[in-house]
Amino acid sequence: MRKMYKQIEDVAPSDATVLVVGESGTGKELVARSVWENSPRTTKPLVAVNCGGIPASLLEAELFGHERGSFTGAHQRRAGYFEQADGGTLFLDEITEMPAPMQAVLLRALEEKCIRRVGGSEDIPVNVRVVAATNRDPHHAVRSGVLRQDLLYRLAVFPIDVPPLRDREGDVELLARHFVAQLNRDAKTDKKLSPRSLPILDTYDWPGNVRELRNAVHRAYILGPDEVEVVPATSTLHAAGQALTIPVGTTLASAQKDLILATLAHFRGDKQKTADMLGICLKTLYNRLQLYQGRTAARP
């Protein structure tokens, strides 16, 4: 994370295009916002676009605008996202979801620093800094044909990798406390993060990253009258009352880990009750939790 912050600090004052790479939920849009906030363009707009959320048939008109009468329903001229972001920053999220023909049009706009509205005949100069993001390995995306290689080179002038939460040792508890504080501030309450949540926060691998953690904290905040007891849903385990379903194909090691963590969550972090229910000794449970945590867990 320190490396990432330093990269943001270094690139923000420039006009270089930035490609943010990270798993879903790691906070790629927050990185883009940080680049914008620390740049000379912060007085101009930051316009965010989800490339995978716009139908392919409408994407060009949304990005570059359109002239009146250029297609059915185009009753008046409309400025696209590039013009709306003029002087500021355009954040293109999920860039690998953009259709290949549109990628070629985008490349031209980036190279020539001008756009042409759909149905128009004039090139319009735009002064826009582009920050793009993807949750895929961009080089693998090129090899699989979903991202143009020349567009990758144009976007990745300055790549920034956002690490997943499971690789950010010590951050989970800090983030959980931060989210609780935010909720307290918004609702004018004074709830505390339950100490019983801490072993669960540390041992769960958070496949949904920061987004999953924030949602888990919010859910626990709503349910807890005084304390916030975070109990995440596991990635391969589904609970229905007291029943647990493990999908076919799950490895034995993963199933064992999920069962241990789910039982620990059920007993709200009580290790002795968890060990008794699983039919193992407390020392074995500690050893398993230390293994999952990847470091020595301090005993209470």
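**Exercise 1. The cysteines**

Is Cys51 buried or exposed at its relative accessibility? Work this out in the predicted model, then explain the disulfide count.

*Solution.* Start with Cys51: its relative accessibility is 1%, so Cys51 counts as buried. Next, look for a partner. The closest cysteine sulfur to that of Cys51 belongs to Cys114 and lies 19 Å away, which is too far for a bond. Cys114, in turn, is in no disulfide. Cys114 is also buried, at 9% relative accessibility. To finish, a search of the whole structure gives 0 disulfides. The cut-off behind that count is a pair of cysteine sulfur atoms within 2.5 Å.

**Exercise 2. Strand S1 and its neighbours**

Find the strands that pair with S1, and decide whether the faces of S1 are covered.

*Solution.* Begin with the pairing. S1, residues 18–21, pairs with S6, residues 129–134, in the parallel sense over 4 bridges. Within this pairing, Ala132 in S6 is the bridge partner of Leu19. S1 also pairs with S7 (residues 158–161), again in the parallel sense and over 4 bridges. Here Ile160 in S7 stands opposite Val20.

Now turn to the faces. In a regular strand, side chains alternate between the two faces of the sheet. In S1, Val18 and Val20 are on one side, while Leu19 and Val21 are on the other. These four residues are all buried, and both faces of S1 are covered.

**Exercise 3. Salt bridges and exposure**

Take three salt bridges and classify each partner as buried, partly exposed or exposed.

*Solution.* The whole structure holds 19 salt bridges. For the classification, buried means under 20% relative accessible area and exposed means over 50%.

- Step one: Asp123 and Arg108 meet through their side chains, with an N to O distance of 3.4 Å. This pair links distant parts of the chain, 15 residues apart: Asp123 sits in the loop between S4 and S5, and Arg108 in helix H5. Asp123 has 36% relative accessibility, so Asp123 is partly exposed. Arg108, at 32%, is partly exposed as well.
- Step two: Asp190 bridges to Lys192, with the closest N and O atoms 3.4 Å apart. Asp190 has a relative accessible area of 57% and is therefore exposed. Lys192 reaches 49%, so Lys192 counts as partly exposed.
- Step three: Glu229 bridges to Arg196, with the closest N and O atoms 2.4 Å apart. The two are 33 residues apart in the chain, with Glu229 in the loop between S9 and S10 and Arg196 in the loop between S8 and H9. Glu229 is buried at 16%, whereas Arg196 is partly exposed at 39%.

As a last step, look for shared partners: Glu67, Arg77, Glu83 and Arg117 are joined into one network by salt bridges.

**Exercise 4. The second largest pocket**

Describe the lining of the second largest pocket, and name the helix that gives the most to it.

*Solution.* First, the volume: about 370 Å³. Then count the lining, which has 19 residues; those closest to the pocket centre are Met1, Tyr5, Leu30, Arg168 and Leu175. Sort the lining by type to obtain 11 nonpolar, 5 polar and 3 charged residues. Finally, trace the lining back to the helices. H1 (2–11), H2 (28–37), H8 (171–187) and H10 (209–223) each supply at least two residues. The helix you are after is H8, which gives the most, with 6 residues.

Notes: Residues numbered from 1 in each chain as written. Predicted model: local features only at pLDDT ≥ 70, side-chain atom pairs only at ≥ 80, totals over all residues. Heavy atoms only, no water. 1 Å grid on protein atoms, 1.4 Å probe; cavity = no way out; pocket = protein on both sides within 12 Å on 5 of 7 lines; lining within 4 Å. Points joined across faces, edges and corners; volume = space filled by probe spheres on them. Nonpolar A, V, L, I, M, F, W, Y, C, P; charged D, E, K, R; others polar. Buried < 20%, exposed > 50% of the residue type's maximum accessible area, 1.4 Å probe, protein only. Pairing = 2+ DSSP bridges. Salt bridge = Lys/Arg side-chain N within 4 Å of Asp/Glu carboxyl O.
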